[in-house]
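Here is a short briefing for a first look at this structure. Keep the sequence and the 3D view open while reading.

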Amino acid sequence: MPKRVAVVGGGIVGVAVARELLQRQPDAEVTVFEKEDRLASHQTGRNSGVVHAGLYYQPGSAKALLCRRGVGLLEEYCAQRGIRRIACGKVLVALDDVERARLADIEDRARANGVPGIRVIGPAELRELEPHVRGVAALHSPSTSIVDFAEVTQALAADAAGAGAKILLGHEVIGMRATGTEVVITVRTGGGTDHAAFDQVIACGGLQSDRLAEMAGDGPDPVIMPFRGEYYALKPERRGLVNGLVYPVPDPRYPFLGVHVTPRVDGEVLIGPNAVLALAREGYTWKNVSVSDLAGVARTPAFWRFARRHWRTGIREMYGSLSKRRFVAAARAYVPELADDDVVAGTAGIRAQALDADGGLVDDFRISIRDRIVVLRNAPSPAATSALAIAEHVVGTLESET
């Protein structure tokens, strides 16, 4: 009898898992459940489109290993499918000597991770690469690229469907019950609720991953906190201010990277994101408020422990959200010619950030396996870059355990 597998979540990771399953097990019956009316509705379709090279991640970590493997698989896949990917390069720009000193540690990590072509450059070479950008030094990653991850997701979904997968949109998984031989899931659709039995369930639910884990009988930790990242966009006539990706040097005291300038494959140039606590799991504006989601945050000790450590950062990020002038000023530190009138309001995304019980950010990918149910409990950036490698890892791990 063919193996019945449910994949929960129609983002790039879930669809990549479905495709990988059918490549390895062509006779399997694979069903993808996506609660929205389209694939890539949330994190996959609402990010800056950067294919991360692996500069920041702790050598030997899952992020480092799967990012580097994922870059290679993604580049090969885009070439095969004719998906546009632009190797625009990236500079991490140091504004002072303190930040210049931090570049050395990032360079060491990048080299340990096998990132090709990286090197520290001075102000003159920075001006050659980015004539409108200023800094005392920069780390140049020429292989960093950009892509439309929603387009990649659609191609992966077409592959999976062509191999026999059912992709069901508008199907929200609201319950799981493991028996001795199968997992029964409950699905809500526009027409009511339904039940279906599977031999295995793989949940790639992003912003809902902790809730799916609890449905599966896993513990409450780590818990997902939704951080909204807001963007401005350069007006078309000012897009020439940058040639590639311009990033700040990350400050190890703070949990997020900070505002950066990001060209996209469609020609748009984004400035951002900031990071403010969203008022709903899928709250892309200040007007999107979920009382139940906020009550869940208020009941979570991990959040209050996190907030006590980073409240100053939170206030600064909120100021940036409410003030265009402050937001643009953060980017102007790197691009002095940037004026407030050069930008218009852009898009926003939500980062599903996992917090451990002590309030610490879960930095690495985290995967939970309970009997017949697998849950990706933490898969933030660079998950889109790493998606094909994550799928390879998850499916390979399950095969090795059977």
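**Around E282**

Set aside the neighbours within four places in sequence, and E282 is in contact with K35, E36, H42, L207 and Q208. The model is predicted. The points below start from E282, then move to E230, strand 17 and a three-stranded open sheet.

**E282: place and exposure**

- E282 lies in the loop between strand 18 (276–277) and helix 7 (291–298).
- Its relative accessible area is 24%, so E282 counts as partly exposed.
- The cut-off for buried is under 20%.
- E282 and D293 are 11 residues apart in sequence. In space, their C-alpha atoms are 9.6 Å apart.

**E230: a buried residue in strand 14**

- E230 belongs to strand 14, which spans residues 223–234.
- With a relative accessible area of 14%, E230 is buried.
- Which side chains make polar contacts with the side chain of E230? R228 does so at 3.0 Å, and N274 at 2.7 Å.
- Beyond the neighbours within four places in sequence, E230 is in contact with ten listed residues, among them I271, G272, P273 and N274.
- That list also includes V276, W286, S321, F327, T347 and A348.

**Strand 17: covered on both faces**

- In a regular strand, side chains alternate between the two faces of the sheet.
- Strand 17 covers residues 269–272. Are its faces covered or open? Both are covered.
- V269 and I271 are buried on one side. L270 and G272 are buried on the other.
- Strand 14 and strand 17 run antiparallel and are joined by 2 bridges. Here A233 has L270 as its bridge partner.
- Strand 16 (residues 260–263) also runs antiparallel to strand 17, with 4 bridges between them. In this pair, H260 stands opposite G272.
- Strand 16 and strand 17 form a hairpin with 5 residues between the strands. In that hairpin, G267 takes a positive phi near 95 degrees.

**The open sheet 3-8-4**

- Strands pair in a sheet through backbone hydrogen bonds, either parallel or antiparallel.
- This open sheet has 3 strands in the order 3-8-4, with antiparallel pairing.
- Strand 3 (50–51) and strand 4 (85–86) stand at the edges. Each has a single partner strand, so one side of each is left without a neighbour in the sheet.
- Strand 4 is joined to strand 8 (residues 145–147) by 2 bridges. R85 has V147 in strand 8 as its bridge partner.

Note on methods. Residues numbered from 1 in each chain as written. Predicted model: local features only at pLDDT ≥ 70, side-chain atom pairs only at ≥ 80, totals over all residues. Heavy atoms only, no water. Buried < 20%, exposed > 50% of the residue type's maximum accessible area, 1.4 Å probe, protein only. Pairing = 2+ DSSP bridges. Contact = heavy atoms within 4.5 Å. Polar contact = N/O pair within 3.5 Å; in protein donor to acceptor, adjacent residues only side chain to side chain.
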